[in-house]
Amino acid sequence: MTINILMPALSPTMTEGTLATWHKKEGDKVKSGDVIAEIETDKATMEVEAVDEGTIGKILVAEGTENVPVNEVIAILLEEGEDAGALKGGAPAPKAEAKAEAPAAEPKAEAAAPAAQPAPAAKPATNGHDDGRVFASPLARRMAQQAGVDLATLKGSGPHGRVVKADVDAALAGGAPAAKPAAAAPEAAKPAPAAAAPAAKPAAAGGPNAKQLADAFGIPYSEQKHSNMRKTVARRLLESKQTVPHFYLTVDIELDALLKLRKELNDRGDVKLSVNDLIIKAAALALRKVPAANASWTDEAMIQYERVDVSVAVATPGGLITPIIKDADRKGLGTISGEMKDLAARARDGKLKPEEYQGGTFSISNLGMFGVKDFAAIINPPQSCILAVGAGTQRPVVKDGALAIATVMSCTLSVDHRAVDGAVGAEYLAAFRALVEAPLSMML
């Protein structure tokens, strides 16, 4: 009997993924545990192992296919003793169902597409005009309206005869007729419902988008397709800024004692600690001292975390990802350093497991190594806080009434005001600063 190989759910929240690579082809024998494919989720690329033994009889989903739903049949495995003829029997019914569903859905999509396309269908106009409608970039249309120039009198030089800014500028420089002001108003008012429909979308988003402006001004550009990770990060950041009431608290912290301790530890041991390792430890211990900052908001109740799991932002070619140091307050500096190096390396290779980047309780974003003095980070929901760490720089400070030089680092805590009040945020930063400025207390 044939066996259906399904699109796996690689995390509790996964609903679809990209079938990146097949490691087996039709006719290849597989054993339980063999890697048969690689699946790309929104944050990582993961290997899929065979559960059963047999021969790949049919691959139903090709490499590179995006948005494959979880539990969809992606291939059919023939058990020992079966041949390709078994695929024609009743066993591959799931395949037939899957195939039947796709065509059934496709005609609907195709039927819907023409319904949505009549407007663009009227678009092809080589001279920029079609049944009295003038095709113009939003910028050109706005300039013409302000200057009282009739767009219908202009010959467009843009794609498909579209009127662009340069055409309006040329008309103004050449003293173009201010076009029948009396007639222009009703005419502009008349096509407005048709012309405004396409133009309304860019306006609602704050004007022409980058591609429209590049086309209008003749700026060369290339397009890079968004990765699943970048699309997910963009969506979550937008949701965070729109739905989470952020407020920000900043403190300056002297680093000299911490830098001295780091040098001493690195000179003595085999582990080479980074400043970031010490920051992670201090941030975690501060959460133990101020547990009210280790919380999340829900509409039903406040979630108070009993474990300190610190998410650390790591930049990758595909976008930002936040691998987690779990129980960071209970781990030694050497353990934190080793885990962070391993997690960061695998994050850049897209090899993290979902449980390694999902579920942290607090985040750190450190741009100090890039020389950034200070910045405010966007909260990573459902967490309530993210600590933005800037570069340590030598600055003048006053000590005991006298001017001195110290290495100072600015840190900004972004806070969800629904879950963490200003006083709690300030208390957390005070605890964090005390640990960094007296780093030996982290050893106790």
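The buried residues of helix α8 pack against five strands, namely β2 (16-22), β4 (35-40), β11, β15 (314-316) and β16 (319-321). Here buried means under 20% relative accessible area, exposed means over 50%, and partly exposed lies in between, with a 1.4 Å probe and protein chains only. Contact means heavy atoms within 4.5 Å. Helices (H or I, at least four residues) and strands (E, at least two) are DSSP runs, numbered from the N terminus. The model is a predicted one, in which local features need pLDDT of at least 70 and side-chain atom pairs count only at pLDDT 80 or more, while totals for chains, interfaces and linings use all residues. Residues are numbered from 1 along each chain as its sequence is written, and side-chain values use heavy atoms, with hydrogens and water left out.

Helix α8 itself covers residues 228-243. Its 16 residues reach 22 Å from the first C-alpha to the last, close to the 22 Å expected at 1.5 Å a residue; the expected span is 1.5 Å times one less than the number of residues. Buried in α8 are N228, M229, T232, V233 and S240. Seen down the helix axis, these buried residues fall within an arc of 125°, so they line one face of α8. The arc is that of the directions from the helix axis to the C-beta atoms. An α-helix has 3.6 residues a turn, so residues three or four places apart point the same way.

Helix α12 (residues 422-437) offers a second example. It has 16 residues and spans 22 Å from first to last C-alpha, close to the 22 Å expected at 1.5 Å a residue. Its buried residues are V424, G425, Y428, L429, A431, F432, L435 and V436. Down the axis of α12 they fall within an arc of 160°, so they line one face of the helix. The cover over these residues includes β11 (246-254), α9 (256-268), α10, β18 (362-366), β19 (385-399) and β20 (402-416).

Residues of α12 also appear in the nonpolar interior. A nonpolar core is a set of buried Ala, Val, Leu, Ile, Met, Phe, Trp, Tyr and Cys residues joined through side-chain atoms within 4.5 Å. The largest such core has 75 residues, and those with the most contacts inside it are F362, I364, L387, Y428, F432 and V436. Helix α10 (residues 275-289) gives the most to this core, with 9 residues. Leaving aside residues up to four places away in sequence, V436 touches I253, E254, L255, L258, I279, A282 and M409. A second, separate core of 11 residues includes V134, A140, V149 and V168. In soluble globular proteins, nonpolar side chains tend to be buried together.

Two open sheets can now be described, with strands taken as paired if DSSP finds at least two bridges between them. One has 6 strands in the order β11-β20-β19-β18-β14-β17, with mixed pairing. Its edge strands, each pairing on one side only, are β11 and β17 (324-325). Within this sheet, β19 and β20 pair in the antiparallel sense over 13 bridges, and the bridge partner of P396 is I405 in β20. The other sheet has 4 strands in the order β1-β8-β6-β3, with antiparallel pairing. Its edges are β1 (3-6) and β3 (29-30), each of which pairs on one side only. β1 and β8 (residues 73-78) pair in the antiparallel sense over 4 bridges, and I3 has L77 in β8 as its bridge partner.

Several loops carry notable backbone geometry. The loop between β19 and β20 holds D400, whose phi is near 55°, a positive value in a residue other than glycine. D400 is exposed, with a relative accessible area of 85%. N71, in the loop between β7 (65-69) and β8, likewise has a positive phi, near 75°, and is not a glycine; at 54% relative accessibility it counts as exposed. In the loop between β18 and β19 lies P382, and the peptide bond from P381 to P382 is cis, with omega near 5°.

Taken as a whole, the protein chain has 12 helices and 20 strands. Of its 444 residues, 40% count as buried. The chain exposes about 24,100 Å², with carbon and sulfur atoms supplying 56% of that area, as computed by the Shrake-Rupley method with a 1.4 Å probe; for residues, only the protein chains shown count as cover.
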